[in-house]
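Please walk through this structure in running text, one element at a time. The account should stay with what can be read from the coordinates.

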Amino acid sequence: MAAAFMEVLPILKALRRNKVGAMLIGLQIALTLAIVCNCLSIIQQYRDQMASPSGLDEANIFTVSNTWVGHADDPKVRIAADLAALRSMPGVADAEESNGLPLGGSGWGTGINLKPDQQHPSASTTEYFVDEHALAVYGIKLTAGRWFSADEIRDFHLGEDLSAASIVMTRRLARALFPSGDALGQVIYLSAPTPLRVVGIVERAQSPWAGISHDASAVENSVFLPERYLNNYVTYVVRAHPGALATAMGAVRDRLYAVTRQRIILSVSPFREMRQRTYQTEQSLSVLLGVLCALLLIVTACGIVGLVLYWVSQRRRQIGMRRALGARRMDILRYFQLENLLIAGTGAVLGIAVGLAGNTWLAATLVLTRMSAGYICVGALIVLALSQAAVLWPALRAAAIPPAAAIRDL
Amino acid sequence: MMLSYYLELAIRSLRRNVALTALMVTVVGFGIGASMTVLTTLRAMAVDPIPNKSAQLFVPQIDAWGPPTRPGGGADGSGQLFDQLTYRDATGLMQARKAARQTAMYAVSLDTVSLEGVPLPVDGRAAYADFFQMFEVPFRYGGPWSAADDKGRANVVVLSARLAARLFPHVNPVGRTISLSGQEYRIVGVMDVWNPVPRFYDLTQGPNSGLADADSLFVPFSTAIEREMPDNGSIRCNARVAPGFAGQLASECVWIQFWAQLPTQAAARDYKTFLYNYAAEQRRLGRFHWKPWVELRDVHQWMALEISVPETLRVSSVVAFGFLAVCLINAAGLMLARFSGRAGELGVRRALGASRWDIGWQCVVETAVVGLPAGVVGLALTFAGLASQRALHMVAGSAAAVARVTSLGDGMIAITLVLAVCATVCSALYPIWRASRLLPAWQLKAQ
């Protein structure tokens, strides 16, 4: 311990002559650490978010959005005809029509009341209008109760009140509304004063804005209502048999055109694509931040190499003198490594403080979760290791200075 | 004279230490490249889309919901105003005609038939004739419809250049008819290419609406209402609505956008008073049960309120400028090494009669000489950064609008180079100051 102190003391004395240079390296280490740790924590959060499951059998689902032109009759007939055509397609397991889809980007939101005349809703949720096929189409797991039967499904035109009497909700929402776990069989109210009995609970179904909102309750609160959404613009959700997705998607346009040509098929896209589109910004920002972090580390390392190389050339005589007085190469090498450790260590401590402060600011301005102190400490160790590696080359050059340099430069 | 001597000195000394010079150029170049990439996009998204009129065009806001249901509002009267109006208020303001020009509008979705004979969806906008003059829409053929067409709910339409080129290639279609959702409309005008970025005239369609394309066609507002064209934009309601289009018109749902042209500040003040009186009148009539609250915002204020810089850009701008800071600190360290390494040479110059200022200027020239190539490197990296921003879809929006905000605008090249030189010189201020303070005798002795 005392020996180490004896070694540190002359370094500190020498550093006082190079105050500004040392400060610049320390500051650089601090900022680099603060930025890199915050970036990595953002990337980590995005990765978690992108990995969260929608609850659907994503690999085998695709959607078709369609609008009819020049029809005056009830869309109910047209939708029924289309669904019959879709369900009879080879490679298709089942199909249904809905007013929204997890990760779809647009959907319907509403408040949930536990009493008919409640002022402020107990929770907010997205509402999916589905039929008896939807459970099989989505591939959602039913954890309690039952799904809707065909005779429960009501017709719903825009602007009308709901006429359903039963409802299915996600487990998360059920727990939020009924913490004691007895959600099944309870009665709840959406914006209309019609009572809805909870007949089933599903494991998971994300909301349409799962990729947009960072609020966990907004992401996982969903209810299903046995309503046939009758509109001129519709979205069909189709589930293909495993391995048959591409074939079914290729054939679906012709199949629907065979029903009627008086339509515009706006898109046929696999669910995979929807997920990709939803998380596009998170994905690209992760790449960008990753590249910036790598560049930052390289720049900092280069800066350390450049400045220490200069210090070495400046101290050639002293180093030669030390060698002449009996210091081994190892001692010279150790001197520079230790000097760097002192500077970078101080910088890292500052960096931890700046990084945590920056994280607090980021968490307040953007919707980010806080990073743990342990996380940034690990980051500090990595930056210290990098700094030690960067100083190795100049330090080796210093160690290679012959004792004769003490007199040669005089 | 002196400058060319300093330049010669600078280049000679930089060539003596190529590795250090290259390192400095690269480091500053990376910092400039990263920050300019972000700055370019941020600047393009905040650019004034209509410079000679942005102080004359205003959006009125009226509190039609009151404290109970106003967004973010509790019983204490806090909260904010909606960016759209109810149909009732929009028509009220249109009928009052208190502004020099005014238009209510909403987005519609129609369908027509392509040249190949298949149905084609088109995004359109229902607006009043004033729209085209208010927003300085250029015309290739024909012109706007008339005020009489507005009043008479005429079946007339103005097409965008793109839609006209698609449906009527190489001809002037003015006077012809086009079938839209099963109804015949007479084409009265074809716009020239017009795609303002940000699309300031309608920023109400969610966070990316500033980077959406301008509409493909325009029909009179009154015609759209009579044809019951459904709203293709965002709509918010605070209560259940009676069924059908009539129910929506009579409701307190907000879904209509409104712009007024008020040429002078006095006119804007008068209009705000008029808005207040309008809301007070609604209160007297028993529709509003709260103190009138109205706002009037010009283009700049409106954009500041409505355009939220995407999270991706906010995060990357913080990181990019942090990166620049690290690069400049780095350059400062390297610069310090350079100048201290040349203390002997500078000492000789001092001893031969150069003043402190001379030495200082010499060092400034030398750093500026490093800054210029760093600016060029930064510029190249900015181009690369913007290209990757497009490739990675960092900014959500229509292809044309995204291309616009991810390309270097006027003067950005000069700004980049000036920023690079200034940043380099600033980072070297302390090393320069130190170099100019050298004691000549001391340096000579050390030699």
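Helix 8 of chain A, residues 271–278, lies across strand 1 and strand 13 of chain A. Its direction makes an angle of about 80° with strand 13 of chain A. The model is a predicted one, and every value given here is computed from it.

The two strands under helix 8 belong to a sheet. Four strands of chain A form this open sheet, in the order 2-12-1-13, and the pairing is antiparallel. Strand 2 (92–98) and strand 13 (263–270) of chain A stand at the edges; each has a single partner strand, so one side of each is left without a neighbour in the sheet. From one strand to the next the twist averages 20°. As a general matter, strands of a sheet pair through backbone hydrogen bonds, either parallel or antiparallel.

At one edge, strand 2 of chain A pairs with strand 12 of chain A, residues 233–240, in the antiparallel sense over six bridges. Within this pairing, A:Asp94 has A:Arg239 of strand 12 as its bridge partner.

Beyond strand 2, the loop that leads to strand 3 (109–112) of chain A contains A:Leu103. This residue is not a glycine, yet A:Leu103 has a positive phi of about 70°.

A further helix also lies on strands of the sheet. Helix 3 of chain A, residues 75–87, lies across strand 1 (61–68), strand 2 and strand 12 of chain A, and runs at about 160° to strand 2.

Helix 3 of chain A also packs with helix 7 of chain A, residues 245–259: their axes come within 10 Å and cross at roughly 140°. Why is helix 3 of chain A called oblique to helix 7 of chain A? Angles over 145 degrees count as roughly antiparallel and those from 65 to 115 as roughly perpendicular, with oblique kept for the rest, so the crossing angle makes helix 3 of chain A oblique to helix 7 of chain A. The crossing of helix 3 of chain A past helix 7 of chain A is right-handed. On the side of helix 3, A:Ala81, A:Asp82, A:Ala85 and A:Leu86 take part, and they meet A:Arg255, A:Leu256 and A:Val259 of helix 7 of chain A. By class, this contact has five nonpolar residues, two charged and no polar ones.

Next comes the contact between the chains, which takes 40 residues from chain A and 39 residues from chain B. On the chain A side, the elements that give two or more residues are helix 2 (19–51), strand 13 and helix 9 (280–314). Helix 9 of chain A gives the most, with 17 residues. Strand 13 of chain A thus appears both at an edge of the sheet and among the elements touching chain B. The chain A residues that touch chain B divide into 24 nonpolar, 13 polar and three charged.

Each chain can also be taken as a whole. Chain A has 13 helices and 13 strands, and its C-alpha atoms fill a box of roughly 105 × 50 × 30 Å along the principal axes. Its radius of gyration is 33 Å, whereas a compact globule of 410 residues would have one near 22 Å.

Chain B has 18 helices and 11 strands. The C-alpha atoms of chain B fill a box of roughly 95 × 60 × 35 Å along the principal axes. For chain B the radius of gyration is 30 Å, against a value near 22 Å for a compact globule of 447 residues. A cis peptide bond joins B:Val197 to B:Pro198, with omega about -10°. B:Pro198 is found in the loop between strand 8 (183–191) and strand 9 (217–220) of chain B.

Conventions. Residues are numbered from 1 along each chain as its sequence is written. Chains are lettered from A and ligands numbered from 1 in the order in which they are written. This is a predicted model: local features need pLDDT of at least 70, side-chain atom pairs count only at pLDDT 80 or more; totals for chains, interfaces and linings use all residues. Two strands pair if DSSP finds at least two bridges between them. Axes are lines fitted to C-alpha atoms, for helices over the stretch in contact, and angles run from 0 to 180 degrees between N-to-C directions. Two residues are in contact if their C-beta atoms, placed from the backbone, lie within 7 Å. Ala, Val, Leu, Ile, Met, Phe, Trp, Tyr, Cys and Pro count as nonpolar, Asp, Glu, Lys and Arg as charged, and the others, Gly among them, as polar. Angles under 35 degrees count as roughly parallel, over 145 as roughly antiparallel, 65 to 115 as roughly perpendicular and the rest as oblique. A crossing is left-handed if the near helix is turned anticlockwise from the far one by less than a right angle, and right-handed if clockwise. The radius of gyration is taken over C-alpha atoms; the globule rule is 2.2 Å times the number of residues to the power 0.38.
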